[in-house]
Amino acid sequence: DTAMLEAKRKKAGVVLFDQNLESRVAAEARLRREIDEAVDQGDFCVHFQPIVDTTTLQVLGLEALARWEDNGTLRAPADWLTYAEDSGLIVSIGNMTFRQAFAATERFDLPVAVNISARQFAEPSFLEDITDAWGERAWEMLTIEITESALLHDSLQTASILEQLREKGARIALDDFGTGYNSLARLASLPIDILKIDQSFVRDILTVPGHAVLQAVVALATAHGLEVVAEGVERVDELEALVALGVTKAQGNMLGRPAAAVPLR
Ligand code: C2E
Ligand code: MG
Ligand code: MG
Ligand code: MG
């Protein structure tokens, strides 16, 4: 009868759920071990994506993007970043990223942008580590990219580090603008120099409401003296719309995909 069927189904469901959970937990544990090993073996590297002038297409700088070389497969941060942050391994990966970013800025004589997680700001040796890695190079050649959640994570500690970096001459970019809790009204009070417009926002530029929103964002950012960089530009019509809005810098697959630049070891 139905009551018994129902009970059976429930039981089966519970078993199925438990198995799924168990295999997911096991898979995550394996991934954590693999990331740990990969860090030990130096299997992380950095790819660089150009930041270009939207009208001349001249390369103005490079963004460093970490990659895991997993037995011939390049794995992007979506696969491993959360685990690297949770386990603290992002600190080692971040130091490697910094050294390779430094090598790239020397080799190409271009400014370089490096992404930093909240977990890295929390590390007591953070400032010392990056100062060691950056050496004597002009700090004006360095941009630190952070998301707003990182900015809010431990605001006092983070704000103090950002302030010290800015005093050296480094610049701070707010990454992925348009995806988080970012509010236009708060832009003026954040310790930032650059606003990076997220690709989801760029995607909307071809619609009437999307265009109007972006126009307001660009106007406000400019009024606050912020530089604007558009991310994830994939189409000529997106690029043209950005130029029309006065956005002078952009990144995206149509402008240059991330690629290896510096010998790995
Ligand atoms: P992000 O800093 O916003 O970087 C932009 C992401 O968009 C990169 O993904 C890039 O490969 C991708 N992208 C660039 N152009 C296009 C485009 O035209 N279309 C599309 N669909 N995507 C495009 P990636 O390399 O997978 O990095 C993802 C995120 O991981 C980064 O987002 C950044 O937040 C984080 N990340 C990367 N490297 C590091 C690192 O060394 N340390 C830390 N803490 N985070 C990192
Ligand atoms: Mg970034
Ligand atoms: Mg971004
Ligand atoms: Mg992103």
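**The shell around ligand 1 and the metal site**

Strand S2 gives the most residues to the shell around ligand 1, with 4. This is a predicted model: local features need pLDDT of at least 70, side-chain atom pairs count only at pLDDT 80 or more, and totals for chains, interfaces and linings use all residues. Residues are numbered from 1 along each chain as its sequence is written, chains are lettered from A and ligands numbered from 1 in the order written, and side-chain values use heavy atoms, with hydrogens and water left out.

The shell holds 25 residues, each with a heavy atom within 4 Å of the ligand. Asn-115, Ser-117, Asp-175, Glu-234 and Asn-253 are the closest. By class, 9 are nonpolar, 9 polar and 7 charged; Asp, Glu, Lys and Arg count as charged, Ala, Val, Leu, Ile, Met, Phe, Trp, Tyr, Cys and Pro as nonpolar, and the others, Gly among them, as polar.

Now the polar contacts (pairs of N or O atoms within 3.5 Å). Side-chain polar atoms of Glu-63 and of Asp-176 each lie 2.9 Å from an oxygen atom of ligand 1. For Gln-120, the partner is a nitrogen atom of ligand 1, at 3.1 Å. The protein buries 81% of the 810 Å² that ligand 1 exposes when taken alone (Shrake-Rupley method, 1.4 Å probe).

Next, the metals. Asp-175 (OD), Asp-176 (OD) and Glu-231 (OE, listed twice) are the protein donors of the magnesium ion (ligand 3), at 2.0 to 2.3 Å. Donors here are N, O and S atoms within 2.8 Å of the metal (3.2 Å for Na, K and Ca); water is not among the atoms, so sites may look incomplete. The donor residues follow the spacing D-D-x54-E in sequence. Asp-175 also coordinates the magnesium ion (ligand 2), 4.2 Å from ligand 3.

How values were computed: Polar contact = N/O pair within 3.5 Å; in protein donor to acceptor, adjacent residues only side chain to side chain. Helix = DSSP H or I, 4+ residues; strand = E, 2+ residues; numbered from the N terminus.
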